[in-house]
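Load the model and colour it by chain. The stops below are meant to be selected one after another.

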Amino acid sequence: MTDRAADAPAAASAELGVVRVITAVLAATTVLFFALTLSALVEQYRFVMPYWQVIAASAIFGLPLMLAAAAPWCTLRALRFLHGTYAVIFALVVLSWFLVFTDGPMPTPLEPWTVGITALSTVPAALAWRPAAAWVYLVASSVVIAPTRIIADGAADVSLAAQFTIFTVTICAVFTAATIVAMSAGRQVDIATAAARTSSMRAAALTAQVEEQAQLDALVHDEVIGTIFAAAGAGRSDSSTTRVQAERTLTRLSELRDAAADIPAIIQPNKLIASLTAVVTEIADATALTVTGERQAPIPAAIASAVIEATSEALRNSRRHAAPDLAPDTAPGAALKATRVERAVFLHLSPERVEISVRDDGRGFDLDSVPANRLGIAVSILGRIDVLPGAHASVWSRPGQGTRVSIGWHE
Amino acid sequence: MINRTTSPPWLELPEITGRGAHLLIWFYYATISMLALLALDDVRSPAIVYASVGIFGVVWFVLTQDSAVRASTGVCVAVITGCVLTALLSSGNSITGGFSQWYVGAGALAMFYLSLRGRNLLAWIGFSAIAVVMVGWGLSTDDRLLEAIILVARQAPFVLVGSLFSVGIRRTGKKLEGVHRAETARVAAEAAALARTTERQRRLWALDSAVGSHLRRIANGVELTDDDRRELLVAEARLRDSLRARQLDLPEMIASTERARHRGVTVLLLDDCSPAVVASEALSRVRDPAIRMLDAAVDGTVTIRLLPAGRPLVATLVADGAEYSRVEVASPTPKGPSSQ
């Protein structure tokens with residue numbers, strides 16, 4: 001079953017919420033680190049090429065602030081891309097230090113300011129990339145500290161440089177792990193939320209369907225059957241009472257047909273997917289719904305409703321008729337296997353059109369032998385769809401070769 | 001009407017009580033202990049370093065033993081006490097800076113963990129206590145007050161990150177919870193409306209196809225013939241079937257039932273299984289013998305009944321006319337159809 005129905009809206013994504021929080025925390029931490037590094041920036045100005053210090057410090061301490069400012073308007077993908085870009089820029093700054101460090105060595109206890117703030121880049125890397133890539137970046141960023149320190153102090157204390165590398169790995173690992181776990185937790189919340197939403201939609205749809213059935217059952221029982229029975233039993237269809245009763249029934253049916261339920265005029269494609277998912281699960285649980293393509297524009301609710309109804313009728317037809325006939329002496333186990341029918345529903349979305357195909361590999365039938373008044377195909381599928389503007393439906397079937405019902409709509 | 005919804009889950013602080021988090025903690029402890037022992041030349045008394053490393057071992061042990069997402073007050077107090085005690089013991093022990101002052105960073109990291117485990121206030125109290133000890137030590141020296149202040153300031157980001165993160169996640173979780181609740185209610189209402197409209201349109205089309213023309217003729221005052229009245233009675237019976245035996249409302253069944261009724265057979269279709277759904281395979285095993293029985297009947301009564309779910313039989317088919325016959329359709333698992 002497709003999980004496209006379970007897509008949470010980006011605005012309410014927990015994963016995006018986590019990334020935004022970490023982006024804000026990162027910005028606050030950057031400000032703090034900038035304050036702590038300021039004296040080092042001034043002190044170390046004389047050891048590197050002119051202007052490098054300004055450009056590097058602006059990039060490392062300025063970009064996280066810009067990221068935090070942009071975060072509320074960024075999508076998850078965009079925000080992760082920006083964090084990845086920052087991690088790359090940070091690495092380039094650290095590596096460029098080797099090129100611009102021209103007036104060393106630095107006296108003890110000075111150390112290049114870039115080596116004490118590695119976590120500022122490893123956290124964005126964890127936000128941007130897969131965990132494996134983030135861990136590789138972390139190790140690489142920590143390892144580069146050793147040569148930086150060795151070159152900076154003229155190899156005065158190689159052992160200490162190595163110790164700092166190990167220390168940096170352990171410290172950065174804490175933040176990287178927390179970031180990865182937090183994002184994963186956000187992702188899990190998004191999945192669970194979408195599942196809960198789909199479940200709620202399904203439950204609400206099922207309840208509404210049952211309620212509507214009960215209402216229509218009452219109408220059929222009280223009005224329609226009563227009218228038909230009165231006309232047939234009394235034998236005086238021209239009697240004013242029966243005629244009035246029939247008129248009232250027709251009016252009631254017409255009112256119901258025209259009454260718009262509290263449904264929006266247009267619905268979003270993800271709602272169509274969710275409703276189709278519910279219908280497919282409800283009618284034929286083992287049936288796979290495959291969704292391809294993408295569509296942002298909404299779909300007229302009347303079209304969506306008719307398409308869902310037609311899909312539901314196609315599946316019901318398949319359930320009723322697709323199982324092959326068996327010889328009377330077929331063993332129960334073999335019968336179960338022989339009557340198994342594979343069904344699949346394909347939904348293709350595009351900016352111009354919506355196409356649905358309901359297929360089974362059952363016994364099929366001869367289209368020419370279907371009576372004109374047969375409800376399933378004639379009324380609920382072809383009749384209902386073909387009258388809608390831009391909509392079309394077709395049925396293909398052959399004895400022994402299964403059935404394919406195609407339903408489509410274009411703008 | 002929505003009578004059942006599933007509550008969306010909350011976004012909460014990531015759980016850092018699992019094996020991975022413990023592994024990281026012990027990895028850090030091993031590393032920092034090694035670095036502390038490598039810096040013994042920079043301290044006055046190695047014994048204090050050994051004792052401090054031991055105390056921190058206890059601190060991490062206590063922290064990792066508490067598996068609750070929100071650390072208990074007892075654990076927090078123990079962790080803070082251990083960190084402050086280490087600062088008291090070790091602050092005067094270091095001759096120079098560097099890794100000989102490892103305990104300040106380790107204490108800050110412990111407070112970071114307390115923040116992530118929902119203990120922001122205690123984390124800041126603990127860090128402040130460590131800071132007071134360090135500044136106190138700085139004041140007690142001739143020229144190391146600035147070193148103490150910088151040392152504390154450089155570790156502050158740990159606690160700041162922890163507390164900002166936990167506050168941010170909690171606020172985001174609350175905000176998302178409200179958004180999700182409203183969105184779920186909205187999509188559920190829309191799904192209900194869509195399902196209601198779909199079901200209504202389906203039934204109305206079917207109804208119109210079955211009896212629409214009859215109703216219009218009656219409303220128009222058209223004189224009915226005997227054949228018309230017979231048709232009406234059959235149509236009325238079909239409508240009753242659609243109410244009493246929704247799952248038997250299959251085109252072939254409808255056709256066979258109507259033919260039988262036209263021959264004068266009384267047909268009774270009953271669905272005692274609803275609202276449970278009969279599996280399509282089982283239904284097709286009911287449909288075929290039912291059609292055969294209906295087509296064979298010439299008088300009397302044919303009763304086709306879907307039985308309540310959970311019974312060994314799916315349906316019973318009884319023809320009681322010139323001849324009596326009864327067919328039992330078994331549920332799919334035990335055995336196939338049998339007749340007597």
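Start with B:Ser94: is this residue buried or exposed? In this predicted model, B:Ser94 has 24 C-beta neighbours inside 10 Å and so counts as buried; the cut-off for that label is 20 or more. The residue sits in the loop that links helix 3 (73–90) and helix 4 (102–116) of chain B. Add B:Asp42, B:Val43, B:Ser100 and B:Gln101 to the selection, which are the contacts of B:Ser94 once neighbours within four places in sequence are left aside. Then pick B:Ser45, which is 49 residues away from B:Ser94 along the chain, with 8.5 Å between the two C-alpha atoms.

Widen the view to the whole of chain B. It has nine helices and five strands, in the sequence pattern α-α-α-α-α-α-α-α-β-α-β-β-β-β. Of its 340 residues, 43% count as buried. Among contacts in chain B with a separation of 6 or more, 67% join residues 24 or more positions apart.

Next, select strand 1 (residues 266–271) of chain B and show side chains. B:Val267, B:Leu269 and B:Asp271 point to one face and are buried, whereas B:Thr266, B:Leu268 and B:Leu270 point to the other face and are not. This is the usual arrangement, because side chains in a regular strand alternate between the two faces of the sheet. Add strand 2 (residues 301–306) of chain B, which pairs with strand 1 of chain B in the parallel sense over six bridges. One of the residues to label is B:Val302, the bridge partner of B:Val267. Follow the chain from strand 1 of chain B through helix 9 (residues 280–296) of chain B to strand 2 of chain B: this β-α-β crossover is left-handed.

Now move to the sheet in chain A. Five strands form an open sheet in the order 2-4-5-7-6, with mixed pairing. Which strands stand at the edges? They are strand 2 (288–293) and strand 6 (391–397) of chain A; each has a single partner strand, so one side of each lacks a neighbour in the sheet. On average, neighbouring strands of this sheet are turned by 10° against each other, direction ignored. Select strand 6 and strand 7 (residues 403–410) of chain A, which run antiparallel and are joined by seven bridges. A:Ala391 stands opposite A:Trp409 in strand 7 of chain A. Then show helix 10 of chain A, which lies across strand 4 (343–349), strand 5 (353–360), strand 6 and strand 7 of chain A and runs at about 10° to strand 5 of chain A.

For the chain–chain contact, select both sides: 93 residues from chain A and 87 residues from chain B. On the side of chain A that touches chain B, helix 7 of chain A gives the most, with 40 residues. That side divides into 55 nonpolar, 23 polar and 15 charged residues.

Finish with the nonpolar cores. The largest has 107 residues, and A:Ile22, B:Ala110 and B:Met134 have the most contacts inside it. Helix 7 of chain A gives the most to this core, with 16 residues. Centre on B:Met134 and, leaving aside neighbours within four places in sequence, pick out its contacts B:Ala87, B:Ser91, B:Val104, B:Ala148, B:Leu151 and B:Val152. A second, separate core has 46 residues, including A:Val280, A:Ile308, A:Ala310 and A:Val354.

Conventions: Residues are numbered from 1 along each chain as its sequence is written. Chains are lettered from A and ligands numbered from 1 in the order in which they are written. This is a predicted model: local features need pLDDT of at least 70, side-chain atom pairs count only at pLDDT 80 or more; totals for chains, interfaces and linings use all residues. Two residues are in contact if their C-beta atoms, placed from the backbone, lie within 7 Å. Helices (H or I, at least four residues) and strands (E, at least two) are DSSP runs, numbered from the N terminus. Ala, Val, Leu, Ile, Met, Phe, Trp, Tyr, Cys and Pro count as nonpolar, Asp, Glu, Lys and Arg as charged, and the others, Gly among them, as polar. A residue is buried if 20 or more other C-beta atoms lie within 10 Å of its own, exposed if 12 or fewer, and partly exposed in between; C-beta atoms are placed from the backbone. Two strands pair if DSSP finds at least two bridges between them. A crossover is right-handed if, with the strands pointing away from the viewer, the path from the first strand over the helix to the second runs clockwise. A nonpolar core is a set of buried Ala, Val, Leu, Ile, Met, Phe, Trp, Tyr and Cys residues joined through C-beta atoms within 7 Å. Axes are lines fitted to C-alpha atoms, for helices over the stretch in contact, and angles run from 0 to 180 degrees between N-to-C directions.
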